Amino acid sequence: MTMTEAPTEFPDPYLPQQGSDDYAVTAYDLSLDYRVAGNKLRATAELTIRVIRDAKALVLDLSGFRVERATIDGRRARVTRSAHKLTLTPSSALAAGSTVQVVVDYSGAPVPRRSPWGMLGWEELSDGALVASQPSGSSTWFPCNDRPDHKSTFRIAVTTDADYRAVANGRRVSADRRGGRLVSVFEQPEPTSTYLATVQVGRYTDVEVDLDGVPGRISHPAALARRARHDLAALPRMMAVFQEWFGPYPFAAFGLVVTEDALEIPLEAQSLAIFGANHMDGQNGSERLVAHELAHQWFGNSVGLRRWSDIWLNEGFACYSEWLWFDAEGVKTVGTSARVFHRGLARQPQDLVLGDPGPASMFDDRVYKRGAVALHAVHLALGDDGFRDLLHRWTARFRFETVTTEDFLILLREAGMADVDGFERTWLRETALPPFPTAP
Ligand SMILES: [Zn+2]
């Protein structure tokens with residue numbers, strides 16, 4: 001399996017507190033026992049770690065919890081804590097190039113952590129729990145090296161009370177009742193960034209659907225069945241349209257969870273998307289968001305970010321995918337959408353650099369919309385076939401890898417796009433909004 005090892009500026013200037021440069025986690029094996037009543041988590045995390053440079057200790061991201069025991073290769077490690085870090089010190093230093101097995105037993109009541117982008121991570125619902133980690137909330141539920149440019153495999157086993165159902169990343173490989181409780185095991189063998197790991201717990205009913213050849217599973221409270229069936233009826237067609245534009249769906253399955261609670265925004269996780277009850281209004285009111293989250297499976301999840309400053313590669317692409325979907329459905333051409341949002345951008349302050357918006361503006365709506373209009377400029381320059389070919393090459397070449405804006409510009413040059421330097425300067429590096437793009 002290929003693991004991303006391209007050099008990255010560390011720490012990421014957008015999240016300087018996160019992660020470590022001393023080691024890479026190649027596999028996370030998490031066993032979680034969760035009781036909804038009282039919000040109690042008991043867990044064991046087993047991490048396969050490749051040591052990158054000689055280290056006296058391993059510093060992991062972990063917020064809160066009582067760490068009962070930690071071992072490195074079966075030997076007890078000394079545990080030191082701070083608010084969001086767990087330091088494990090073995091009796092002898094770890095040598096660069098070695099691989100070690102780290103096991104951490106921990107327990108507590110998981111809570112989200114405060115961030116400039118709101119509360120992140122594990123969150124209690126009125127009758128269950130969800131995880132929403134982007135960009136730095138993973139430490140609220142498991143010890144990790146929380147950085148987007150490191151990808152790992154995940155196996156997540158969740159034990160819940162039997163009337164609850166857990167959903168996590170990847171394929172559910174088993175679900176067994178044990179002593180009145182339900183143990184569900186999920187495997188995500190494809191390389192996954194920590195922020196895209198998730199667990200959802202609720203009184204969910206599962207519906208299996210075929211999504212253009214991809215096994216799909218929709219999990220929702222029974223009371224929302226009719227609305228979910230109606231509002232997600234287009235998913236198989238959406239998958240077909242996107243496989244045509246982007247290339248094959250990157251994972252073995254796609255899951256979609258609808259929580260009983262209302263959520264401010266839906267969110268993407270690896271091979272999963274999470275929506276609130278409010279997003280299923282029975283009138284397709286969130287159709288564009290369904291398209292957006294599905295598109296993230298290619299853009300953001302499979303082709304990941306090496307650094308957060310390139311967030312437009314996630315959000316601009318996911319936003320443009322909404323427009324491609326409405327175009328395919330005959331609702332509105334992609335050109336019309338681009339024109340409407342270009343006009344909207346022109347009315348807003350032009351003080352944002354798309355290619356490096358700064359941490360405070362990372363999730364600014366202008367990153368999404370200007371990113372999408374920039375892609376429309378590429379689409380017009382290359383034509384339909386050229387643009388489709390570009391997207392296929394992007395998702396194939398960087399499948400399960402991480403990328404930077406430079407990687408995208410290289411691809412544009414390979415595709416023969418004229419004046420890539422001009423495109424970069426006007427759309428990605430300067431704040432002024434370029435005029436609406438036209439075909440050559
Ligand atoms: Zn998004």
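Trainee: How far apart do the C-alpha centres of domain 1 and domain 2 lie?

Mentor: In this predicted model, the distance between the C-alpha centres of domain 1 and domain 2 is 27 Å. Domain 1 covers residues 23-303 of the protein chain, and domain 2 covers residues 305-429.

Trainee: How should one read the interface, and how many residues of each domain are in contact?

Mentor: In general, the size of an interface is often given as the accessible area lost when the parts come together. Here the description rests on residue contacts: 25 residues of domain 1 touch 29 residues of domain 2.

Trainee: Which elements supply the side of domain 1 that touches domain 2?

Mentor: At least two residues each come from strand 14 (181-193), helix 2 and helix 3. Helix 2 gives the largest share of that side, with 5 residues. By class, the side of domain 1 that touches domain 2 consists of 16 nonpolar, 5 polar and 4 charged residues.

Trainee: Helix 2 and helix 3 were both named there. At what angle do their axes cross?

Mentor: The axes of helix 2 (residues 235-246) and helix 3 (residues 287-295) cross at roughly 50 degrees and come within 11 Å. Angles of 65 to 115 degrees count as roughly perpendicular and those under 35 as roughly parallel; helix 2 and helix 3 are therefore oblique to each other. Their crossing is right-handed. Helix 2 contributes Leu235, Met238, Met239 and Phe242 to the contact, while helix 3 contributes Val290, Ala291, Leu294 and Ala295. The class count for this contact is 8 nonpolar residues, with no polar and no charged ones.

Trainee: Which strands does helix 2 lie across?

Mentor: Helix 2 lies across strand 16 and strand 17, and runs at about 45 degrees to strand 16. Strands 16 and 17 belong to an open sheet of 5 strands, whose order is 16-17-18-20-19 and whose pairing is mixed. Strand 16 (204-211) and strand 19 (267-269) are the edge strands, each pairing on one side only. From one strand to the next, the twist averages 20 degrees.

Trainee: In what sense do strand 17 and strand 18 pair?

Mentor: Strand 17 (residues 214-221) and strand 18 (residues 254-258) pair in the parallel sense, over 4 bridges. Within this pair, Ser219 stands opposite Val257 of strand 18.

Trainee: What should one keep in mind about side chains when reading a strand, and which sense of pairing joins strand 2 to strand 8?

Mentor: In a regular strand the side chains alternate between the two faces of the sheet. Strand 2 (residues 40-51) and strand 8 (residues 99-108) are antiparallel and share 10 bridges, with Ile49 opposite Val100 in strand 8. Strand 8 also pairs antiparallel with strand 4 (residues 66-72), through 6 bridges; there Thr71 faces Val103 of strand 8.

Trainee: Turning to helix 4 and helix 6, how do their axes cross?

Mentor: The axes of helix 4 (residues 312-328) and helix 6 (residues 365-397) come within 7 Å, crossing at roughly 70 degrees. That angle makes helix 4 roughly perpendicular to helix 6. The crossing is right-handed.

Trainee: Which residues meet where helix 4 touches helix 6?

Mentor: Among those from helix 4 are Trp312, Phe317, Tyr320 and Trp323, and among those from helix 6 are Val367, Tyr368, Leu375 and His376. By class, the contact of helix 4 with helix 6 includes 10 nonpolar, 3 polar and 2 charged residues.

Methods: Residues are numbered from 1 along each chain as its sequence is written. This is a predicted model: local features need pLDDT of at least 70, side-chain atom pairs count only at pLDDT 80 or more; totals for chains, interfaces and linings use all residues. Axes are lines fitted to C-alpha atoms, for helices over the stretch in contact, and angles run from 0 to 180 degrees between N-to-C directions. Angles under 35 degrees count as roughly parallel, over 145 as roughly antiparallel, 65 to 115 as roughly perpendicular and the rest as oblique. A crossing is left-handed if the near helix is turned anticlockwise from the far one by less than a right angle, and right-handed if clockwise. Two residues are in contact if their C-beta atoms, placed from the backbone, lie within 7 Å. Ala, Val, Leu, Ile, Met, Phe, Trp, Tyr, Cys and Pro count as nonpolar, Asp, Glu, Lys and Arg as charged, and the others, Gly among them, as polar. Domain bounds come from an automatic or database domain assignment. Two strands pair if DSSP finds at least two bridges between them.
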